[in-house]
Structures are given as C-alpha cells and as structure tokens.
Amino acid sequence: MYILGINAYHGDAAAALIKDGRIVAAVEEERFNRVKHCAGFPAEAVRYCLRAAGIGIEEVAHIGVSRDPSAHLHKKILFAASRAAKQSRQWAESRRQTADGRRPDTIAAIEMREQGERRAGKGEEENGGNGRGGNGGVVNGGNGRGPGIFRQVKDRLNNAAKVRDLSDDLARALGASKGSLRAQFHNIEHHRAHLASSFFVSPFERAAVLSLDGLGDFASGMWGTGEGNRLNVTGSVPFPHSIGMYYTAVTQYLGFPKYGDEYKVMGLASYGEPEYLDEFRRILRTDGDLTYRLDLRFFTHHRTGPTMTWASGEPVLGPLFSAELERRLGPRRELGGAVEHRHENIAASLQARLEEVVLHHLRGLQHKTDLETIAYAGGVAFNCVANGKVFEQTPFRRLYIQAAAGDAGLAIGAAGYVWHQVLGHPREFVMEHAYWGPGYDDESVRRALDARGLRYRQLDSATLAAETARRIADGRIVGWFQGRTEWGPRALGNRSIVADPRRADMKDILNKRIKHREPFRPFAPSVLEERMREWFEGSHPSPFMLLAYRVRPQQRDRIPAPTHVDGTGRLQTVSRAANPLYWSLISEFEKLTGVPLVLNTSLNENEPVVNTPEQAVDCFLRTQMDVLAIGPYLVERD
C-alpha cells in the first residue's frame, strides 16, 4: 500500500511516499524550484516521489496532510473573538482620543498600558517596566489603528481552506482529473505529525516523544509517549507561548530577518557571554516541569497574529518583537549592520536561556515518563548545541532526531501517522540514513559534463575515493556529488563540499572563494563513526549532523577548520553501512593524514543545496572549487 505525505502552504513544503510503512522517497520542493524554504504546494516533490516508485497517483491509497484546521478549533475561536473584542474596544478608544483633540495612541500602546495597569494591580512590578514600550510595539510600519484581527482571521481561513482539501491542487500538479484521485485524504495535526516523523522511524519500541517549534495548528509544543505503533499525547503548549517564536523574534532583532535564519544566531552565540541572561529569564519563563510562557510585552504576534506569507515562493515572516525588547536591550541591529560585541552577548544569552528551558523540559518529561529514550522533532530540534547537552544534563540516554526535524519532516510524519496510528499497521522500518531524494545515473552525469565542455576521468569507486582523498590532503576544495539527494537541510556526504580540516585557514578560504557567508558561522566535521570518541567528547552517534560535541582538547590543534570558537563541532558520524562511498573517502583521507574526518559543507552558493548534475556543474564553474567528483567522474580545473 502506498501512502503519500504532504506538507503544503507552510514553510519547507515537501512530499514523502511510503510503501507498506517503508520510505520510498522524500524531498523538499526547494530542491526543484531553487527557492529556499519554499512554501506553497510541493508539486515537483510529489511528481518525483511518484516517479521514484514508478507509480501513478491512482495507485496511492491514502494521503496524509500535515495540518488539521479543526485542531484546537475552540481555542482558535475564543482567541479570535477575544482579540476582535479587545481590538474593537481599543480602536474605539483611539477614536475617542481623536475626538477629544488628543494624538491617538496606537492600539499596541493602549494594550501595553492596559497590561501594565493589570500588572500593577497584581503587584507584579518585579517584572520590570510599566508595560509601555517606546513606539507601542509597532515594528511593522502599520499604525495599529485598524481592526487587523479580522484581516488576520480571513487570511488564516483562506489558508485553512487550501489545506483542508488539496485534491484540486494535487490533480492540477499531476495534470490529472480530480476523479482519478482514489486516495482517502487525512488531515493530521501539525505536532502529531512532528511526533510521528521521529518516533515511527526511530529504533525505539518505546520512548518519550517531544515536538517543539514556532507554531502549528495553534500549538507550539506537544509531548507524550510512543509505544509500538501508537502515540499517546499527554500535553501541549498553546499559542501564543512558543520557544520557537522566542528564538525567531530575537533573531530578527539581531538583524537576521529571513525565514530560517535562526541557525546563524546559534553560531554567533558562541562568540559572546550570556550577559543578558537574567533579562532573558524574564522574557521566557518556565512554569512547572513541562510548560513555558513568554512575557508577551516583548512580542507582537499575540496582538497582530504572526504575519506569514505561505502562498508560494520563499516564506516571509513579519516582525515578532516589540519595542519593549529594544527598550531593554538597546536598538535592534539593522540588516547588514556591523555585528558588535553587544550582539554577540545577546545571542549568547538567547541561546543560554533556550538551553535552560529545553533541558528543563526534557528533565520534566523524563521524570513524567520514566523512560531513557526520546524521539524529538520540530524546528527547535535543529538546535544542535542544545541537543549535544542532552546526555550531560538530563537522564535520557538515547536520542533520535530524524534528518528533516523541521516542517519538511511533517510529510513523513503525516504518511507514517496514517499507516501506523490510523490504519494500525506495525512498525518494521528505521530511518538510518537521509538519502531519499533524486539520484542520477552515470549517463545523466556524463551529459551534464559534456554539455559544458568539461574534461573528466571515469574511475571505479575505490580509485575515486583514493584520488579525491589525495586532493583534499593537498589542500584542494572538492565538490562531492554522489547517489541520492539528502532529505533535510544538511549536506551529509552526497551533495557536499569537502576540504582538509587540518588547515586553520580553510574556513576563510571557503568563505572567500565559495560560500560568501558570515564569518562567525562554523563548518562541520564528518567523522568515521567508529573513530568519533577519539576526537569528540560524546558517545552517541550523530548521523544527521544534529549534535554538537566538544572536540577533545588534545585534538583541537589538529582539526582547527571545523572546530568552532567554543571548542565544539557540529559533527556528522559516517557509518560504512549508511554511506559506503563517503565512508571510503574519509578512510582514504585518514590513511594519508592520520585524521579520520573531513570538513563538510553543503554543495551550493547562497541557494538550496544542489540537486541535479547540471546544478552541481554550474556551482563548480561559477565558484572557485578545485575538483568535482560527480558520480564516477573526476573533474579538475586546469
């Protein structure tokens, strides 16, 4: 039985196909249309999944969609009604001020004054401030005087209608009639799909399960247990409180406004000290073992709704932080402005508080479930620095996070939820690698090389690994294009740029010649799984590059290029079973140098990771890579 999973009209649109519970294909739409974090409908991804299985849409029995507009409906209605009533009252107050000849306050300013009055009445001044924030918290250029909640509700309803019935979009994408779609559609709640995306492909028969992200179906987090083919949800955190929104809002404040920029701030945090940690403990609070709350004075999303554009193209997320954050921390950093030490310390404080709250939450979940295994998903699960501390600071002993832990992974989660939770089938599959995207035969690769007039040598696998390793050891930068495209945002040895980790200047060389990115962002080491403990202070495998471990002090001078300023590495462990050719490349490099790892970064240049041979060749030619190992062919610059 085939089941198609779809994440549509949300960031990181994607599709996945499973057959009898096993993944056949999974890929993000951005790999085809070349728009990072593409939203909209994943038409190309769906077409690829069907091609990979050699089937038509009429052979798909079920389709799981990773949103459920009816989830938490009563909470949504109450929230919308409350906001509409409050905004109408505040709008009327603004008009009265105008009639009295006064300059009207913004709606946000009126609300913040009301919040301050309520806090004063409850004796809560220890939280600081009077609730008023400079320009009233309006950071999106609006005057805050219109009934924006009604427009917000209309936009949400339009988006929900699209997600509720994807049959028209699916038929249009496939050039098929709607009548040819025989599949039964299932709308799966956002966080349940996240939980399913991790637990149902994990090696655990029984585990605690956790999802943490920005927002989905009116919740920002969910937890419970998984056992066999069942998930049991025991708790959630509703909108507007959100760890993901907390991190994104401060990321915007620090001058990184694009969707998905949070990883940049995680890298920046290592350069600072948590000078503002006490302030951030007020901004994000724990409330018992398994809940957290935002001090909403510092945010805008609860007043205006998080302004998001999901229709198509790159998602756009409106400003989430209020003027109160600037009043407390100083002026925001403008896009492209200088990164000052103050910004580094704010990033460090932001990261430190996230780690405190996430690890506190994990300890509470472990205490509640009395389990030592956990399956974790959601955008917050990409925070590899926090993940790397799970084993030191919680009782959990085993952790599973699948490669596409964010919203792309919802496609696998929706399909898996239908197969296991809805249809009741047992689990027989573990995701041990991430190579579920398109692959290309030797003839396709050769045509791409010939079309650009490149000279190449064709080599067997053993010779290709040895020859490429020798060039890396000689300090050359190599594009490595092999097998099927990775699922998820990390390049894991099939669409990678690899280089010598022993060279202290390699990070600067890569940034100058190819990547052209912020200098504070680290590069990753890919290490032979069986040699990891000799080089890193960690023992749990990290096949999807989602754990950061400290590099052993005696090894840091040997691998300066992928060692971050704080002495850590966001490592990928490479097993011979999961990726034999990449494992061979690293093994050959070790024979030459005594170092069982290489520096690994994604094969791209300010774009989604390359997918096709043509894209790989284009990237090679427009950058200053020295070598391209693509399929069985080795290309070298003259």
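**Salt bridges, a helix face and a surface patch in a predicted model**

In this predicted model, the side chains of arginine 513 and aspartate 626 meet in a salt bridge, with a distance of 2.9 Å from N to O. The two partners lie in distant parts of the chain, 113 residues apart, since arginine 513 belongs to helix H19 whereas aspartate 626 sits in the loop between H22 and E22. Aspartate 626 has a relative accessible area of 16% and therefore counts as buried, the limit being under 20%. A further group of charged residues, namely Arg457, Glu467, Arg470, Arg471, Arg476 and Glu636, is joined into one network by salt bridges that share partners.

In the protein chain as a whole, the count of salt bridges comes to 43. Side chains of opposite charge can pair when their charged atoms come close. One of these pairs is formed by lysine 264 and glutamate 518, whose side chains meet at 3.3 Å, again from N to O. This pair also links distant parts of the chain, with lysine 264 in helix H9 (residues 262–269) and glutamate 518 in the loop between helix H19 (506–515) and strand E18 (524–528), a separation of 254 residues. Lysine 264, at 13% relative accessibility, is buried. Another salt bridge brings together the side chains of arginine 285 and aspartate 295, with 3.1 Å between N and O. Here the partners are 10 residues apart, arginine 285 being part of strand E9 (residues 284–286) and aspartate 295 part of the loop between strand E10 (292–294) and helix H11 (301–304). The two ends of this bridge can be described separately: arginine 285 is partly exposed, with a relative accessible area of 28%, while aspartate 295 is buried, at 2% relative accessibility.

Attention now turns to helix H17. In this helix, which spans residues 442–451, the residues Ser444, Val445, Ala448 and Leu449 are buried. These residues are on the same side of H17, because the arc that they cover around the axis is only 135°. The buried residues of H17 pack against helix H22 (613–622) as well as strands E22 (627–630) and E23 (633–636). After H17 comes glycine 453, which has a positive phi, near 70°.

On the surface, Met1, Val422 and Leu423 make a nonpolar patch of about 220 Å². Methionine 1 is placed in the segment before strand E1 (2–7), and its relative accessible area of 38% makes this residue partly exposed.

At the level of the whole chain, the model contains 22 helices and 23 strands, and 62% of the 638 residues count as buried. The area exposed by the protein chain is about 24,100 Å², of which carbon and sulfur atoms supply 48%. Among the contacts with a separation of 6 or more, 72% are accounted for by residues 24 or more positions apart.

Finally, the confidence of the prediction has to be considered. The average pLDDT of the protein chain is 90, and 84% of the residues score at least 70. Over residues 117–147, however, pLDDT stays under 50, although the model has 66 contacts beyond four places in sequence for this stretch. Where pLDDT is low, the predicted coordinates should not be read in detail.

Definitions and conventions:
Residues are numbered from 1 along each chain as its sequence is written. This is a predicted model: local features need pLDDT of at least 70, side-chain atom pairs count only at pLDDT 80 or more; totals for chains, interfaces and linings use all residues. Side-chain values use heavy atoms; hydrogens and water are left out. Patches are made of residues with over 30% relative accessible area and no salt bridge: like charges are joined within 9 Å, nonpolar side chains (Val, Leu, Ile, Met, Phe, Trp, Tyr) within 5 Å. Accessible areas come from the Shrake-Rupley method with a 1.4 Å probe; for residues, only the protein chains shown count as cover. A salt bridge is a side-chain nitrogen of Lys or Arg within 4 Å of a carboxyl oxygen of Asp or Glu. Helices (H or I, at least four residues) and strands (E, at least two) are DSSP runs, numbered from the N terminus. Buried means under 20% relative accessible area, exposed over 50%, partly exposed in between (1.4 Å probe, protein chains only). pLDDT is the predictor's confidence in each residue, from 0 to 100. Contact means heavy atoms within 4.5 Å. The arc is that of the directions from the helix axis to the C-beta atoms.
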